[in-house]
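Please work through the exercises below with the sequence and the model open beside you. Each task is followed by a solution that proceeds step by step.

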Amino acid sequence: MKAIQISAPGELGVVDINTPVPGEDEVLLKIKYVGFCGSDLNTFLGKNPMVRLPIIPGHEVGAVIEAVGKSVPAGLEPGMSVTVNPYTNCGKCASCRNGKVNACRYNETFGVQRDGTMCEYVAVPWTKVIPAIGLSPRDCALIEPMSVGFHAVSRALVTDNDTVMVIGCGMIGLGAVVRAALRGADVIAVDVDDEKLALAARLGATHGINSKTEDVHARLMELTGGFGPDVVIEAVGSPVTYVMAVDE
C-alpha cells in the first residue's frame with residue numbers, strides 16, 4: 001500500500017509498505033481523511049524534538065472499518081465510520097493507575113513515536129476505535145482536534161456566567177469557541193486573521209478582536225465593562241500569546 005513518509009527534515013515522499021493484517025483484538029481501518037496537524041508540520045520542518053524519523057505522519061483520522069479480528073466485540077462492524085484515539089497507554093505507570101491514561105509515561109502517538117495514518121490502511125486495537133454514527137469520515141477527522149478545545153473548556157469549568165477569551169482561531173481555538181458558546185458563555189475570539197474571526201463568529205463567538213490591528217487590552221476592557229475575561233484559553237502556543245493570556 002501507499003504511505004506518505006517524512007524521512008528527514010524537509011524531505012517527504014510516497015513509499016510502498018506492507019498492508020497490515022489485523023490481529024485477533026484489532027480492527028483494520030481504511031483511511032479516508034487525515035488532518036495535517038501543527039505537530040506534523042513541525043516534524044516536516046525539523047522542529048519536533050519527540051519524533052522518531054523516518055515516520056508516517058497523521059493522527060487526526062476519518063476512516064471506515066474494513067475488517068475486524070475474531071476477538072473484537074460486537075458493535076464494531078465493517079463499513080462503519082470511525083475515528084481513532086491516536087495515543088497508547090501502558091496501564092501500569094503511575095498516570096495509568098490513577099486513571100490519567102492520556103498522561104501515560106510510555107505513550108506513543110501516531111505520527112510521532114510510531115507510524116501514523118497518512119496511508120491506505122492501519123490496524124489498531126479495537127479499544128482505540130471510536131464509532132461515529134451519523135458522521136461522515138470527513139467529519140470524523142475533525143473529532144480529535146476539536147476535542148482538545150472542548151477539553152480545555154471542560155477543565156476551565158466554564159459556565160453561562162463567564163466571559164471567555166480564546167486566543168487563536170485555528171482548529172483548537174475554534175473547538176474552544178464552540179464548546180464555550182454551547183455552555184452559554186460570552187466568547188471573545190482573538191486572532192490576527194479577519195477570516196478566522198468571521199468563522200469564529202459563525203461558530204458562536206460573540207465578539208472578535210484582531211490583535212494585529214487593534215489594542216487587545218483596550219478592546220477587552222471595553223467589551224467587559226473594565227473587568228476583563230473570566231477565563232482565558234490560549235490556543236496558539238507562542239511566547240507572545242502566552243504573555244497575552246497572563247496579562248489579560
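**Exercise 1: Backbone details in loops**

Locate Pro 54 and describe the peptide bond that precedes it.

Pro 54 is found in the loop between α1 (38-45) and β4, where helices (H or I, at least four residues) and strands (E, at least two) are DSSP runs numbered from the N terminus. The bond that joins Leu 53 to Pro 54 is a cis peptide bond, with omega at about -5°. The model is predicted, so local features need pLDDT of at least 70 and side-chain atom pairs count only at pLDDT 80 or more, whereas totals for chains, interfaces and linings use all residues. Residues are numbered from 1 along each chain as its sequence is written, and side-chain values use heavy atoms, with hydrogens and water left out.

A second loop, between α4 (143-155) and β8 (163-167), holds Leu 157. Phi of Leu 157 is near 55°, a positive value in a residue other than glycine. Leu 157 counts as exposed at 63% relative accessibility (buried means under 20% relative accessible area, exposed over 50%, and partly exposed in between, with a 1.4 Å probe and protein chains only).

**Exercise 2: Strand β5 and its partners**

Determine which strands pair with β5 and in which sense they run.

Begin with β4 (residues 60-68), which runs antiparallel to β5 and is joined to it by two bridges; strands pair if DSSP finds at least two bridges between them. Within this pairing, Ala 63 has Val 82 as its bridge partner in β5. Next take β7 (residues 129-131), which pairs with β5 in the antiparallel sense over three bridges, with Val 129 of β7 standing opposite Val 84.

Finally, consider the side chains. In a regular strand they alternate between the two faces of the sheet. In β5 (residues 81-84), Ser 81 and Thr 83 point one way while Val 82 and Val 84 point the other way, and all are buried.

**Exercise 3: Charged side chains**

Find how many salt bridges the whole structure contains, and examine the pairs that link distant parts of the chain.

A search of the whole structure finds six salt bridges, each being a side-chain nitrogen of Lys or Arg within 4 Å of a carboxyl oxygen of Asp or Glu. One of them joins the side chains of Lys 2 and Asp 16 at 3.0 Å, N to O. This pair links distant parts of the chain, since Lys 2 lies in strand β1 (residues 2-8) and Asp 16 in strand β2, 14 residues apart. Lys 2 is partly exposed at 45% relative accessible area, whereas Asp 16 counts as exposed at 59%.

Lys 70 and Glu 24 also meet in a salt bridge, at 3.6 Å, N to O. Here Lys 70 is in the loop between β4 and β5 and Glu 24 in the loop between β2 and β3 (26-35), 46 residues apart. Lys 70 counts as exposed at 72% relative accessibility, and Glu 24 is partly exposed at 45%.

To complete the picture, Glu 214, Arg 219 and Glu 222 are linked in a network of salt bridges.

**Exercise 4: A charge and a ring**

Identify the residue whose ring lies under the charged end of Arg 114.

The ring belongs to Phe 110, and the charged end of Arg 114 sits over it, 3.9 Å from its centre; the criterion is NZ of Lys or CZ of Arg within 6 Å of the ring centre and within 35 degrees of the ring normal.
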